[in-house]
Amino acid sequence: MLVYLDNSATTRQYDEVTEEMYRLMKEEYGNPSSLHRMGMKAERMVKTARESLASALSAAPEEIYFTASGTESDNTALFGAAEAKKRKGKRIITSKIEHPAILESCKKLEKEGFSIDYLGVDRKGLIDLSELEELLDERVALVSVMAVNNELGTVQPIGEIGSLVKRKSEALFHSDAVQSFGKIRLSPSAQKIDLLSVSGHKIHGPKGIGALYVKKDLHIPPYIYGGGQEKGFRSGTENTPAIGGFGLAAKIMDENFSERVAKMRSARDYLLKGIKTEIEDISINSPEEAEEQRLKEHKTLCCPSILNVSFIGCRGEVLLHSLEQQDIYVSTGAACSSKKKGSHVLSAAGLNGALLEGAIRFSFCEFNTIEEMDHVLCELKKVVSSMRKIKRHK
């Protein structure tokens, strides 16, 4: 039985998306900028996809711009916002657990004269709103905080952050929503978000396509120059098959949102309960909350698609490959950082030693089943037990 539990790295495309992309490549391959009939058909398709993304984000179509990835969306937001606001201030606030697309951009901006403040997080990856409040002043140009952490699954209080930023400063607020899109309901206008990044391949859409929400009437300079596509904001001939696939994936995701999320949460909670019951010497690194607490507080502390667990006495990478031999696919952290030593996210959350070494991320989608979780738990118990025996006898 093949069990794929690395959905935070990428997802399997919906069959409907693959079929639609094939159709677009074969039949509707016109350039949206062309004035003839085929160009106009491609242009209408891009418009439909934009409307689907806008609907899923409770935004207006004119606030959605297509990019080549979530990383490009993040880069465009940070460099554009910094350029637009630099006359008012050259301070940027972000968190220590952001995606490298944010952290590396901040390093570049620091070399260009901006000062960067990095918010710390608690043991479960949550930022401290009081720390943010202390840092906010008239010199802050931009605040960028991700909606859901890609390793721990922590859901940040984005609405509260947005309100605080607008109350205490004139800064722009950006959120990397690549991991939260399709799992947590987002509304940029209600959450006072100026710029928001999403990606296609995290919601069963294609790779190589992303989008950036830019609040209406907010003017930031383009990041890519050329023929003036995307209203001059993002030049380059549109990747129409990927845009069509992204739009369809967003539509499917949005129409079945509650059912999809319930399936993810069911698989996650079932595996979590099994691990806690049947495997000793573990640490649950992701936030946990009881259903009663979730309902009482009217919010989710952890994304329903992510579970991070440390198996003490095991090496995460060895555990990953041992499970792979059983056709079970997990990760030790973010795919973009998998070849780097250690996790900056887990380190920032205070994990070290055996907890850091033995960390595994399970990430779920709507296609995962309880039967799969039983299989994973069975194999996981065997592998963990075997690894611990080998270590004891060394």
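**Local contacts and strand pairing in the predicted model**

Not counting residues up to four places away in sequence, Arg315 touches Glu357 and Met387. The model is a predicted one. Arg315 sits in the loop that runs between β10 and α10 (316-324). With a relative accessibility of 45%, Arg315 falls in the partly exposed class, the range for that class lying between under 20% for buried and over 50% for exposed. Arg315 and Ala354 are 39 residues apart along the chain, and their C-alpha atoms are separated by 8.2 Å.

Gly89 was examined in the same manner. This residue belongs to the loop between α3 (70-85) and β3 (91-95). Its relative accessibility is 8%, so Gly89 counts as buried. When neighbours within four places in sequence are left aside, Gly89 is in contact with Phe114, Arg139 and Ala141. Arg50 is 39 residues from Gly89 along the chain, and the C-alpha atoms of the two are separated by 33 Å.

At the level of the whole chain, the protein has 13 helices and 12 strands. The radius of gyration is 21 Å, close to the 21 Å given by the globule rule for 394 residues, so the protein is as compact as a globular protein of that length. The C-alpha trace spans about 70 × 55 × 40 Å along its principal axes. Of the 394 residues, 56% are buried. Among contacts with a separation of 6 or more, 75% are accounted for by residues 24 or more positions apart. The exposed area of the protein is about 17600 Å², and carbon and sulfur atoms supply 51% of that area.

The strand β10 that precedes the loop of Arg315 is part of an open sheet of three strands. The order in this sheet is β9-β10-β12, and the pairing is antiparallel. β9 (282-284) and β12 (359-363) stand at the edges with a single partner strand each, so one side of each has no neighbour in the sheet. From one strand to the next the twist averages 25°. Five bridges connect β10 (residues 306-311) with β12 in the antiparallel sense, and Leu307 is placed opposite Phe362 of β12. Helix α8 (residues 257-278) lies across β9, β10 and β12 and runs at about 15° to β10.

Strand β3, which follows the loop of Gly89, contains Thr94. The relative accessibility of Thr94 is 0%, and Thr94 therefore counts as buried. Not counting residues up to four places away in sequence, Thr94 touches Ile102, Cys106, Ile116, Asp117, Tyr118, Leu119 and Ser144. β3 pairs with strand β4 (residues 115-119) in the parallel sense, over five bridges. Within this pairing Thr94 stands opposite Tyr118 of β4, a residue that is also among the contacts of Thr94. Helix α4 (residues 100-111) lies in sequence between the two strands, and β3, α4 and β4 make a right-handed β-α-β unit.

Ser144, another of the residues touched by Thr94, stands opposite His174 in β6. Strand β5 (residues 140-144) and β6 are paired in the parallel sense over three bridges. Together with helix α6 (residues 158-168), β5 and β6 form a right-handed β-α-β unit. β6 is also joined by three bridges to strand β7 (residues 195-199), and these two strands run parallel. The bridge partner of Ser175 in β7 is Leu196.

The burial of β6 was considered residue by residue. Five of the five residues of β6 (residues 172-176) are buried, so the strand is largely enclosed by the rest of the structure. In a regular strand the side chains alternate between the two faces of the sheet. In β6, Leu172, His174 and Asp176 point one way, while Phe173 and Ser175 point the other way, and all of them are buried.

Conventions: Residues are numbered from 1 along each chain as its sequence is written. This is a predicted model: local features need pLDDT of at least 70, side-chain atom pairs count only at pLDDT 80 or more; totals for chains, interfaces and linings use all residues. Side-chain values use heavy atoms; hydrogens and water are left out. Two strands pair if DSSP finds at least two bridges between them. Helices (H or I, at least four residues) and strands (E, at least two) are DSSP runs, numbered from the N terminus. Axes are lines fitted to C-alpha atoms, for helices over the stretch in contact, and angles run from 0 to 180 degrees between N-to-C directions. Contact means heavy atoms within 4.5 Å. Buried means under 20% relative accessible area, exposed over 50%, partly exposed in between (1.4 Å probe, protein chains only). A crossover is right-handed if, with the strands pointing away from the viewer, the path from the first strand over the helix to the second runs clockwise. The radius of gyration is taken over C-alpha atoms; the globule rule is 2.2 Å times the number of residues to the power 0.38. Accessible areas come from the Shrake-Rupley method with a 1.4 Å probe; for residues, only the protein chains shown count as cover.
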